Every structure is written in structure tokens, then in C-alpha cells.
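Here are a few exercises to work through with the sequence and model at hand. Try each task yourself before reading the solution.

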Amino acid sequence: MIGLQPMRWWQIESVMGIESDLFAGDQWSAAMFWSELAERATRHYLVATGSLATDAEADAAIVGYAGLCVYGSEAYIQTVGVRRDRQRTGVGRALLLALLAEGDRRAVRTVALEVRADNVAAQRLYANHGFEPVGLRRGYYQPSGADAVVMLRRIPAAVPDYRRRAGG
């Protein structure tokens with residue numbers, strides 16, 4: 001079972017273990033996560049937890065994390081990471097849906113992100129949730145120099161139902 005909760009400062013060390021494994025060389029620093037968590041008005045960071053042990057009494061471990069930045073009607077998915085042994089089990093999808101729900105709660109009109117050009121599985125996940133590729137940032141990830149695909153999800157404006165108002 002996957003549990004989602006707001007990321008807290010004391011979880012950064014566990015998140016860094018996943019971050020380093022997934023993005024070696026291009027990973028965020030602990031200071032970057034601290035800085036993001038300090039921006040409470042514009043940021044929304046989550047951790048996914050799930051038992052990694054067979055013992056039912058075991059503590060839930062962090063198996064993924066994700067972050068969203070919101071400015072006005074625009075949102076940016078800052079990061080999504082899932083432990084390698086928990087990828088393709090729904091953790092990434094759960095985190096993405098939670099970020100999109102937060103964007104909906106804040107009435108955003110667009111959600112953008114960058115994803116490594118060689119991460120086809122992540123691009124497929126985003127495409128399955130309404131994101132479309134809109135550009136390429138060459139050498140975006142540093143220091144590796146890997147390219148990033150820019151993806152965008154547009155949320156259509158609500159269309160009023162005039163028939164209901166007109167009584168017809």
C-alpha cells in the first residue's frame with residue numbers, strides 16, 4: 001500500500017538516498033530540498049511511503065517523492081523520484097496525480113516539466129496524463145549534459161452551460 005504525505009525536513013536524508021541513486025551526477029543537493037521546503041506558499045512536496053520489509057510491523061519507508069511549484073495560474077513539476085525497486089508499481093503515478101490534484105486545487109491553467117530525453121518510461125507516464133512534448137532543452141541536466149524534453153499540460157477553461165442558466 002502506498003501512502004502519501006507532505007515532505008518534512010527530517011525526510012530529506014532518505015530522499016537524498018533515492019535522489020543520488022536515480023540521478024547520480026545530476027542530483028539535487030540537500031540544500032536545494034531545504035530551500036524548496038522553505039517556500040511554503042508556492043511549493044508542494046510529497047513523499048510516498050510503503051513497507052519495504054515482509055514484517056507487517058516494519059516502519060513504512062520512503063519509496064518516492066515529488067514536488068510542485070505554483071505561481072499564479074502556472075505550475076511546474078520540479079521533481080519526481082521513485083526507488084528503482086518500486087518503479088512501475090504505481091508510486092510515480094500516485095505522486096503525479098497528487099501533484100495534479102494540488103494544481104487543480106490552486107486553479108492552475110498549465111503544468112510544465114522537464115524530463116530526461118532518454119527516460120521514455122517517464123515520458124509515457126506524463127503523456128498518459130495529458131502532457132505533450134513542446135520543446136527540447138539541449139544539455140539541460142548538469143554536469144552530465146543530458147537533454148531534457150519539455151512537456152506541458154494545459155487545463156481547458158471551464159465552459160459555462162448556458163442552457164442551464166437560460167432554463168432550457
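**Exercise 1.** How many bridges join S1 to strand S2 (residues 43-50), and do the two run parallel or antiparallel?

*Solution.* Bear in mind that this is a predicted model. Start by counting: S1 and S2 are joined by four bridges. Next, check the direction, which is antiparallel. To find one pair for yourself, go to Gln-5, whose bridge partner in S2 is Val-47.

**Exercise 2.** Work out the order of the strands in the sheet, and find which strands stand at the edges.

*Solution.* Begin with the inventory: the protein chain has five helices and seven strands. Laid out from the N terminus, the elements follow the pattern β-α-α-β-β-β-α-β-α-β-β-α. Now place the strands side by side: the open sheet has the order S1-S2-S3-S4-S5-S7-S6, with mixed pairing. Strand S1 (3-6) and strand S6 (132-141) each have a single partner strand, so they are the edges, and one side of each lacks a neighbour in the sheet. From one strand to the next, the twist averages 25 degrees.

**Exercise 3.** Trace the pairings of S5 on both sides, and describe how the chain gets there from S4.

*Solution.* Take the S4 side to begin with: strand S4 (residues 74-82) and strand S5 (residues 110-116) run parallel and share three bridges. Here Tyr-76 stands opposite Ala-112 of S5. Between these two strands the chain passes through helix H3 (residues 91-105), making a right-handed β-α-β crossover. Then turn to strand S7 (residues 146-154), which pairs with S5 in the antiparallel sense over seven bridges. Val-115 is a good landmark, as its bridge partner in S7 is Val-149.

**Exercise 4.** Find which strands helix H1 lies across, and which ones H3 touches.

*Solution.* Look at H1 (residues 12-23): this helix lies across S2, strand S3 (61-71) and S4, at about 85 degrees to S3. H3 also packs on the sheet, and its contacts are with S1, S2, S3, S4, S5 and S7. The direction of H3 makes about 25 degrees with that of S3.

**Exercise 5.** Which residues of helix H4 (residues 120-127) are buried, and why do they line one face of the helix?

*Solution.* Using a cut-off of under 20% relative accessible area, you should pick out Ala-122, Gln-123 and Tyr-126. Now look down the axis of H4: these buried residues fall within an arc of 100 degrees, and therefore line one face. Finally, ask what covers them: the cover includes S4, H3, S5 and S7.

Note on methods. Residues are numbered from 1 along each chain as its sequence is written. This is a predicted model: local features need pLDDT of at least 70, side-chain atom pairs count only at pLDDT 80 or more; totals for chains, interfaces and linings use all residues. Side-chain values use heavy atoms; hydrogens and water are left out. Two strands pair if DSSP finds at least two bridges between them. A crossover is right-handed if, with the strands pointing away from the viewer, the path from the first strand over the helix to the second runs clockwise. Axes are lines fitted to C-alpha atoms, for helices over the stretch in contact, and angles run from 0 to 180 degrees between N-to-C directions. Contact means heavy atoms within 4.5 Å. Buried means under 20% relative accessible area, exposed over 50%, partly exposed in between (1.4 Å probe, protein chains only). The arc is that of the directions from the helix axis to the C-beta atoms.
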